[in-house]
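Work through these exercises with the model open beside you. Try each task before you read its solution.

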Amino acid sequence: MIKNLSVRPSLIPREQRGSVESQVCYLTSRIKRLTEHLDLHGRDYSSQRGLWKIVGKRKRLLIYLFKKDRLRYKNLIDQLNIRGPR
């Protein structure tokens, strides 16, 4: 079901596990996993709700990072290959 996830939270050093970048990385991997699950089970509304909650949390973290340090934000968006909030 899940082949390769491009995001590997285990590769983040122990000192940076609570950083915004590591949290966004972890949430992105969960979003990809839930998206694949919903491709198979389209009417799983509980998982859809969980996915929207995770997407919202990631969006809030990205907005915070955008306001604090735009260079780190840009690097993270490029690394994870995701589009930032509008």
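## Exercise 1: Gln 48 and its surroundings

Task: Find which residues Gln 48 is in contact with, leaving aside its neighbours within four places in sequence.

Solution. Gln 48 touches Leu 38 and Gly 42, once neighbours within four places in sequence are set aside. Keep in mind that this is a predicted model. Next, place the residue: Gln 48 belongs to helix H2. Now check its accessibility. The relative value for Gln 48 is 26%. Buried means under 20%, and exposed means over 50%. Gln 48 therefore counts as partly exposed. Last, take a C-alpha distance. Gln 48 and Thr 35 are 13 residues apart along the chain, and their C-alpha atoms are separated by 8.7 Å.

## Exercise 2: The whole chain

Task: State how many helices and strands the protein chain has, and give the pattern along the sequence.

Solution. Start with the count: three helices and zero strands. Then read along the sequence: the pattern is α-α-α. Next, turn to burial. Of the 86 residues in the protein chain, 29% are buried. Then look at the surface. The chain exposes about 6600 Å², and carbon and sulfur atoms supply 51% of that area. Finish with the contacts that have a separation of 6 or more. Residues 24 or more positions apart account for 47% of them.

## Exercise 3: H1 against H2

Task: Decide how H1 lies relative to H2: roughly parallel or roughly antiparallel?

Solution. Two packed helices are described by an angle and a distance, both taken between their axes. For H1 and H2, the angle is about 155° and the axes are 10 Å apart. Angles over 145 degrees count as roughly antiparallel. H1 is therefore roughly antiparallel to H2. Then add the handedness: H1 passes H2 in a left-handed crossing. Now list some residues of the contact. From H1 they include Val 24, Leu 27, Ile 31 and Leu 34. From H2 they include Ser 47, Leu 51, Ile 54 and Lys 57. Finally, sort the residues of this contact by type: 13 are nonpolar, seven are polar and four are charged.

## Exercise 4: H1 against H3

Task: Work out the orientation of H1 relative to H3.

Solution. Helix H1 covers residues 20-40, and helix H3 covers residues 70-80. They pack at about 25°, with axes 11 Å apart. Angles under 35 degrees count as roughly parallel. So H1 is roughly parallel to H3. The crossing of H1 and H3 is right-handed. H1 brings Glu 21, Val 24, Cys 25 and Thr 28 to the contact, and H3 brings Arg 72, Leu 76 and Leu 80. By type, this contact holds four nonpolar residues, one polar and two charged.

## Exercise 5: H2 against H3

Task: Name the orientation of H2 relative to H3.

Solution. The two axes cross at roughly 135° and come within 6 Å. An angle above 115 degrees but not over 145 falls among the rest, which count as oblique. H2 is therefore oblique to H3. H2 supplies Leu 62, Leu 65, Phe 66 and Lys 68 to the contact. H3 supplies Arg 70, Arg 72, Tyr 73, Leu 76 and Ile 77. The types are six nonpolar, no polar and three charged.

## Exercise 6: Buried or exposed?

Task: Classify Ser 47, Lys 57 and Trp 52 as buried, partly exposed or exposed.

Solution. Take Ser 47 in helix H2. Its relative accessible area is 16%, so Ser 47 is buried. Beyond its neighbours within four places in sequence, Ser 47 contacts Leu 34, His 37 and Leu 38.

Lys 57 is also in helix H2, residues 45-68. At 43%, Lys 57 counts as partly exposed. Lys 57 lies 30 residues from Leu 27 in sequence, and their C-alpha atoms are 8.2 Å apart.

Trp 52 lies in helix H2 too. Its value is 63%, so Trp 52 is exposed. From Trp 52 to Ile 31, the C-alpha distance is 9.0 Å, across 21 residues in sequence.

## Exercise 7: A backbone angle

Task: What is the phi of Asn 81, and where is Asn 81 placed?

Solution. Asn 81 has a positive phi of about 60°, although it is not a glycine. Asn 81 sits in the segment after H3. Its relative accessibility is 69%, so Asn 81 counts as exposed.

Notes
Residues numbered from 1 in each chain as written. Predicted model: local features only at pLDDT ≥ 70, side-chain atom pairs only at ≥ 80, totals over all residues. Heavy atoms only, no water. Helix = DSSP H or I, 4+ residues; strand = E, 2+ residues; numbered from the N terminus. Buried < 20%, exposed > 50% of the residue type's maximum accessible area, 1.4 Å probe, protein only. Contact = heavy atoms within 4.5 Å. Areas by Shrake-Rupley, 256 points an atom, 1.4 Å probe, with all protein chains shown as cover. Axes fitted to C-alpha atoms, helices over the stretch in contact; angles between N-to-C directions. Parallel < 35°, antiparallel > 145°, perpendicular 65-115°, else oblique. Left-handed = near helix turned anticlockwise from the far one by under 90°. Nonpolar A, V, L, I, M, F, W, Y, C, P; charged D, E, K, R; others polar.
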